[in-house]
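This briefing introduces selected features of one protein structure to a reader who has not met it before. Please keep the sequence and the three-dimensional view at hand while reading.

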Amino acid sequence: MRKPEVTLKDIPEVREEIRRIREEPAMYYGTEYEYRYVISPEESGGLIILRWYNVKKAKNEGDHTEECITYIDAVREEWITYVTAERKWSRATIANTGSVFVRWEDALVIHPERLQACQAFTGTGDHPLELVNTWQKEVNGKKLENRQQKKDNETNSLMEQVKPLTEAFLRWHEETAMKDSRYLIYQRSKRKTFCAYCTHCRGYMDIPAPECRHGKKGKCPSCGSRVTMKAAGRAKKIVDTAWTEYVQAVRDGLMIRFVKMIKIYEGQTEPRRIVTEPLRVVIEKGKKPAWYEKRDSNTKYKSSAEYQKNQGELCVYGANFPRDDLFRGVYRRGLEAELKKAFPYNTFMKWMLRNGGKLEQYSVYDYFAAYSILPLIESLEKTGKAILVDEIVKNTGIEGIRKLRWIDRTAATVSGMLGITRKQYRLLNNPTVEEIRACRVLNQHGIEADGISIYRIVKYTRHHSIEEDLQKILGYMPLRKFLRYTEGKEKYDFRNYYFDYLRMGERLGYDFGNDFVLFPKDIKEAHDEAVNILAEEKREKELAAAAEKDEGIRKMEKKIRQKFTYEDNEYIIRPAKTNQEIVKEGQVQHICVGNGEYREKMEEGKSYILFLRRRDDPDTPFYTVEITPDHEIIQRHGRYNQEKEEKESVDRFLEKFVEVKGNGREYHAE
C-alpha cells in the first residue's frame with residue numbers, strides 16, 4: 001500500500017469525549033475505568049481512517065493530536081499506520097502498533113457504525129476494533145499461506161529434478177564407504193568348531209573354536225574379505241552408519257546429495273539396509289547455496305514439501321548433518337560430466353589436484369559455492385592466479401565470506417572484481433590476497449609500483465591489517481622512502497614493532513616530520529622506549545588517582561600500626577600507610593594488590609595489606625601480605641607472584657610474627 005498524504009485533525013467530538021472521560025470515568029466490572037484512547041473512524045477516498053487520540057497526553061483544549069493514524073484499504077486488503085511522534089510508518093496490525101493499547105476496552109470508538117458499515121468488518125465481536133483486528137489476522141494468514149505455498153512450489157520444483165540413486169552408486173557405497181561393516185558372526189557351542197556366518201558373502205562355515213575371539217580382525221575363509229569377528233551372544237544387534245555424497249546437475253546449477261546408509265545386524269542373518277537422503281544442497285548460478293533437510297515444518301502454516309529450506313549455510317548439526325567421522329567420500333563415477341553440465345567452464349578438477357587430489361567432505365561444496373557467487377574465478381584459474389582462487393574458495397563460508405567483502409561481485413572483468421587496474425593484473429604473476437589489497441590502497445593514492453615493490457610492501461606490513469598499515473605509511477612518507485628504509489631490516493621488527501611505534505608516537509606527540517624520529521635506527525629499541533614512557537605516564541596517573549583516596553588508609557594504619565608491626569634480625573613487616581603506597585607496591589611487584597578492591601577491604605577492616613621488607617633494605621618492595629584482623633594470613637606473594645628459595649625464611653618469619661602478635665595463633669603457609 002502506498003503511503004497516503006497525512007492530515008492531522010482537531011475534532012470537536014473527540015475533545016468533548018476526552019473532557020467527559022476525565023470528569024466521569026466509566027465503570028468496568030464494577031470498577032472505575034478511564035479510557036486510554038479515543039478513536040475516531042472516517043472514510044475518505046475509498047480508505048477507512050482510524051485516528052488514535054491519547055487521553056493522557058491531551059493536556060489542554062488545543063492539544064488534541066493524533067498519536068497514530070491507521071489507513072485501511074479493505075478492497076485491496078492492505079493497511080498502513082503513521083506514528084506521529086516518530087514520523088514513521090508501520091505495516092503492523094492495530095494490535096501491534098506502537099504503544100496504542102493494552103486491551104480493546106482501553107479504546108473508546110466514537111461512531112462505531114462507520115466501521116460496521118464496511119462489509120469487511122461485519123461479524124461478531126465485543127468491540128468494533130476486535131472486528132478490524134480479526135480481519136487483519138485473516139488477511140495476514142492468507143498472505144503467509146500463499147507465501148509458504150510459493151516456497152513449497154519452488155522446493156518441489158527443485159526436488160523433482162532428483163534422479164533415482166543408481167544401483168552402481170549403492171553398491172559402491174556399501175563396498176567402499178561401508179567396507180569396515182563386514183563381520184564373521186559365530187555361534188558358540190561345545191564342539192571344537194563354531195558355526196560362523198559371513199555378512200559379506202552370506203555364507204555359513206565352520207571355524208576352529210580357538211580362532212574365534214570377539215573383536216578379532218581377520219579374513220573370511222570363504223570370500224577372503226577383511227572381517228571383524230563377533231560372538232552372536234555378545235553382539236545381538238550391530239548398527240553401522242556411513243555417509244557419502246552423490247553429485248548431480250540440476251536445471252540452473254548443481255545438487256549435492258548427502259546419502260546416509262544404515263546397516264543393522266541381528267544374529268546370523270542378512271543385515272537390514274536403510275538408505276536415506278536427509279540433506280541436499282542446491283548451488284545455482286549467481287545465488288548463495290541453499291540447504292534443504294528432511295524435517296517437520298515449524299511454522300504456523302505448515303509446509304507440504306518433503307524438504308525444508310534452511311536460512312543459513314552449514315547450520316544443521318542434528319541427525320540430518322553428516323559427522324566428519326562418519327563421512328566416507330564422494331561418488332566419482334560420472335562426477336566430472338555432471339559438473340560440466342552444471343557449470344560448463346569450471347576448473348574444479350584442476351583446483352582439486354592442486355590441493356591434494358582428495359575429495360573431502362566439502363570439496364565440491366566449497367569450490368562451487370565460490371564459483372556460483374564469483375564465476376570470474378574461472379578466469380583467475382586460467383590466467384595462473386591459483387593462490388587467489390584457493391584463498392577465495394577457502395573463505396566462501398559464512399564466517400570467511402566477510403574477509404572477501406572487498407571483492408566486487410557485480411564487476412564485468414576480473415580486474416574490476418579485484419578492484420585493481422588491468423596493468424596491475426597483468427603485472428602480478430600469481431599474487432596473494434594481500435598483494436591485491438596493497439594495490440587497491442596504492443590506487444587510492446595514485447601510486448604506481450612494480451611487482452617487487454608490491455611484494456616488499458606485503459612482506460613488511462601485517463597481513464591482517466595491510467590496508468591500515470599502508471595508509472599510515474603513505475600518510476607519513478613517500479612509498480620510495482619506506483621501501484628504502486626497509487632495506488636490511490628484519491620483517492619481524494616491522495610487523496611487531498614499527499607500526500606500534502608509530503601508533504604510540506602519535507599518542508606521545510612525537511615529531512614525525514623529523515626523519516630521525518620517523519626512521520629510528522633500532523626499531524625495537526625505539527618501540528620499547530615509547531612503551532616505557534606510556535607505562536610511566538599510566539603509573540603516574542594511577543598514583544595521582546590513588547593519592548586522592550589516601551585518607552581512609554591513613555586512619556586505618558594509625559589504628560593497627562602497633563598490632564601489625566614486627567621485626568627480627570632479617571626482616572621487618574608493617575601495614576601500608578597510604579593508598580598511593582599500595583598502588584605503587586602493585587606496580588613495582590607486578591601483582592594485583594594495586595586495584596581498588598584491597599583498599600576498600602582495608603578501609604572496611606575486612607583485611608589489611610602489610611609490606612614485608614629486608615631489614616637492611618626497608619624501602620624496597622620484597623613481599624606483600626594480606627592478613628585478617630585475627631592474624632590469619634590470606635596470601636603472601638613476591639614479585640610477579642613467584643616465590644623462590646627465600647620463601648622458606650619468609651614463612652619462618654611470618655610464623656613467628658603471627659605467634660607473637662596473634663597471641664599464639666599458628667601460621668600455615670599455602
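A pocket, as the word is used here, is an open set of grid points with protein on both sides within 12 Å along at least five of seven lines, and its volume is the space filled by probe spheres set on the points. The model is predicted. The points below treat the second largest pocket, a five-stranded sheet, a helix and a hairpin.

**The second largest pocket**

- The second largest pocket holds about 230 Å³ of space.
- Its lining consists of Tyr 501, Tyr 510, Phe 516, Val 517, Phe 519, Pro 520, Lys 521, Asp 522, Glu 525, Ala 526 and Glu 529.
- Sorted by class, the lining comprises 7 nonpolar and 4 charged residues, with no polar ones.
- Helix H17 (515-518) and helix H18 (523-547) each contribute at least two lining residues, and H18 gives the most, with 3 residues.

**The five-stranded sheet**

- Strands of a sheet pair through backbone hydrogen bonds, in either a parallel or an antiparallel manner.
- An open sheet of 5 strands follows the order E20-E21-E22-E23-E24, and its pairing is antiparallel.
- E20 and E24 are the edge strands, each of which pairs on one side only.
- E23 and E24 run antiparallel and are joined by 4 bridges; Thr 624 has His 637 in E24 as its bridge partner.

**Helix H22**

- Helix H22 spans residues 647-661, a total of 15 residues.
- From its first C-alpha to its last, H22 reaches 20 Å, close to the 21 Å expected at 1.5 Å a residue.
- The buried residues in H22 are Ser 649, Val 650, Asp 651, Phe 653, Leu 654, Phe 657 and Val 658.
- An α-helix has 3.6 residues a turn, so residues three or four places apart point the same way.
- The cover over the buried residues of H22 includes strands E20 (566-567), E21 (571-575), E22 (608-614), E23 (623-627) and E24 (633-637).
- Asn 663, just after H22, adopts a positive phi of about 55°.

**The hairpin of E10 and E11**

- Strand E10 (residues 193-198) pairs with E11 in the antiparallel sense over 5 bridges, and Phe 194 stands opposite Ile 207 in E11.
- These two strands form a hairpin with 5 residues between them, and Arg 202 in the turn has a positive phi of about 60°.
- In strand E11 (residues 204-208), Met 205 and Ile 207 make up the covered face, whereas Tyr 204, Asp 206 and Pro 208 make up the uncovered one.

How values were computed. Residues numbered from 1 in each chain as written. Predicted model: local features only at pLDDT ≥ 70, side-chain atom pairs only at ≥ 80, totals over all residues. Heavy atoms only, no water. Buried < 20%, exposed > 50% of the residue type's maximum accessible area, 1.4 Å probe, protein only. Pairing = 2+ DSSP bridges. Expected span 1.5 Å × (residues − 1). Contact = heavy atoms within 4.5 Å. 1 Å grid on protein atoms, 1.4 Å probe; cavity = no way out; pocket = protein on both sides within 12 Å on 5 of 7 lines; lining within 4 Å. Nonpolar A, V, L, I, M, F, W, Y, C, P; charged D, E, K, R; others polar.
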